Amino acid sequence: MATTDLVRQLEALGAEFGRAAGASASEQEIRALQARYLGKKGSVSQLMKEMGKRQPAERRELGAVFNRIKESIEAEVGRRLSELGSAAAIADLGRSIDVTLPGRTVPPGRVHLLTQIREQAVAIFAELGFEVAEGPQVDTDFHCFEALAIPKDHPARDMQDTFYVSDEVVLRPHTSPVQIRVMKAQKPPVRIVAPGVVYRRDDDATHSPMFMQIEGLLVDEGVRFSDLKGVMLHFVRRYFGRGLDIRFRPSYFPFVEPGAEVDMQCAFCAGPGSTCRVCKGTGWVEIAGSGMVDPEVFRQVGYDSERYTGFAFGMGLERVAMLRHGVNDIKFFYEGDLRFLAQF
Ligand code: FA5
């Protein structure tokens, strides 16, 4: 093909593109059109393949024409796109809104049951003067075990052994490390509760690998076991709103002496001898571990154990929530099923 023919054809394609672009009605159409001309197999690109067969002088001339046509096509694309954009904006402005249409309702969210329970528990302890303290969920072996008189080879580790991040860093298996952090940071008197998430290698209907505890710690001169009993009884009566009783069952936690599990009367049945599945017919359900702070713990944090005494407890929040609301599997709290959550 003669060079002049080639130039004529290129010019014709440029003009043809201009007309087609003017008639295109959307960005998508323009882009498709652009590809039909300038794309790899586009008509302009195909013609340009001819360039390779020419002498250098002709090639320069053709190159300049090619660039001009390409630029004019691209400019046309830009122009048409902005034209379409303004047309859309004007159309949008002209749109009338029917204010009488009913609105789309957004279903109201609600506070998760466990958050409600945590807030209620904190409020009840606040009535007795307890303040809220916090600690990290990923904590050191020292705070979670060593400082609580549970050295590395202690059998009590088996009950609470957890997920290790490294030899010295763990996901806390209980909220008791917050006791250590608080006592190291402040002098007695101390009166705190520490609600939060903890982790263990547990998994069944009443045990979850991640669950919530609320720790309590009261240290002062003359604190006695009867104070612990009074505080736990107050919590149970306020939280369950009726005259349920509690009992202390001797138990072993290395960081308290004496130590006890706190049981509350089963909220579901008439008491011992029943066929209740919640308390397994005993009439009592365990809700917390507790005891008088061991002098060894006071030594670790630099408190004078001759002058001060204290009590501590760690209560499972899912457990009390299960008892109060008749939930028979701990997993319901974590599945995010709205049929369950919307009930509370
Ligand atoms: C402790 O965790 C002690 N730190 C409690 C403590 C604090 C004792 C202060 C003395 C002084 P225990 O392992 O028993 O103790 O757990 C306390 C409560 O957490 C249990 O009574 C139970 O209500 C709850 N709990 C324990 N494991 C799980 C689990 N896997 N899922 C749900 N709740 C649990």
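This is a short tutorial dialogue on reading pockets, ligand contacts, cysteines and backbone geometry in a predicted model.

Student: Let's start with empty space. What is the volume of the largest pocket?

Tutor: The general idea is that rolling a probe the size of a water molecule over the atoms shows where empty space is left. In this predicted model, the largest pocket comes out at about 1,100 Å³.

Student: Which residues lie nearest the centre of the largest pocket?

Tutor: Look for Thr206, His207, Glu286, Ile287 and Arg319; the whole lining has 46 residues. By class, that lining splits into 21 nonpolar, 16 polar and nine charged residues.

Student: And which element gives the largest share of that lining?

Tutor: Strand β8, with seven residues. Elements that supply at least two residues each include α7 (157–160), β5 (210–220), β7 (256–265) and α11 (317–325).

Student: How much space lies in the second largest pocket?

Tutor: About 200 Å³. Its lining has 14 residues, and Thr115, Arg118, Gly196, Val197 and Met212 are the closest to its centre. Helix α5 (113–127) and strand β4 (190–199) are the elements that give two or more residues to this lining, with the largest share, five residues, coming from α5. Sorted by class, you get eight nonpolar, three polar and three charged residues.

Student: Now the ligand. How many residues surround it, and which are the closest?

Tutor: There are 27 around the ligand, and the closest are His174, Ser176, Arg200, Asp202 and Glu286. You've met Glu286 already, among the residues nearest the centre of the largest pocket.

Student: Which atoms should I check for polar contacts with the ligand?

Tutor: Go through the N and O atoms on each side. A side-chain N or O atom of Glu286 sits 2.5 Å from a ligand oxygen. For Gly316, a backbone N or O atom is 3.5 Å from an oxygen of the ligand. Ser208 uses its backbone too: one of its polar atoms there is 3.0 Å from a ligand nitrogen.

Student: Is Ser208 buried or exposed?

Tutor: Ser208 counts as buried because its relative accessibility is 7%, and the cut-off for buried is under 20%. You'll find Ser208 in the loop between β4 and β5. A polar atom of its side chain also lies 2.6 Å from the backbone oxygen of Met210.

Student: How many disulfides does the structure have?

Tutor: Zero, after a search of the whole structure. The test is simple: two cysteine sulfurs must be within 2.5 Å. For Cys266, the closest cysteine sulfur is in Cys276 at 3.8 Å, so that pair is too far apart for a bond. Burial is another thing to check: Cys266 counts as buried at 5% relative accessibility, and Cys144 does so at 0%.

Student: Last topic, the backbone. Where are the cis peptide bonds you'd point me to?

Tutor: Read omega. One cis bond joins Pro188 and Pro189, with omega about 0°, and Pro189 is in the loop between α8 (177–185) and β4. Another cis bond runs from Glu257 to Pro258, where omega is near -5°; Pro258 lies in strand β7.

Student: What about phi? Which residues have a positive value although they are not glycine?

Tutor: Try Ala149, at about 60°, in the loop between α6 (141–144) and α7. Then there's Lys280, at about 55°, in the loop between β7 and β8. Lys280 is exposed, with a relative accessible area of 70%.

How values were computed
Residues numbered from 1 in each chain as written. Predicted model: local features only at pLDDT ≥ 70, side-chain atom pairs only at ≥ 80, totals over all residues. Heavy atoms only, no water. Buried < 20%, exposed > 50% of the residue type's maximum accessible area, 1.4 Å probe, protein only. 1 Å grid on protein atoms, 1.4 Å probe; cavity = no way out; pocket = protein on both sides within 12 Å on 5 of 7 lines; lining within 4 Å. Points joined across faces, edges and corners; volume = space filled by probe spheres on them. Helix = DSSP H or I, 4+ residues; strand = E, 2+ residues; numbered from the N terminus. Nonpolar A, V, L, I, M, F, W, Y, C, P; charged D, E, K, R; others polar. Near = heavy atom within 4 Å. Polar contact = N/O pair within 3.5 Å; in protein donor to acceptor, adjacent residues only side chain to side chain.
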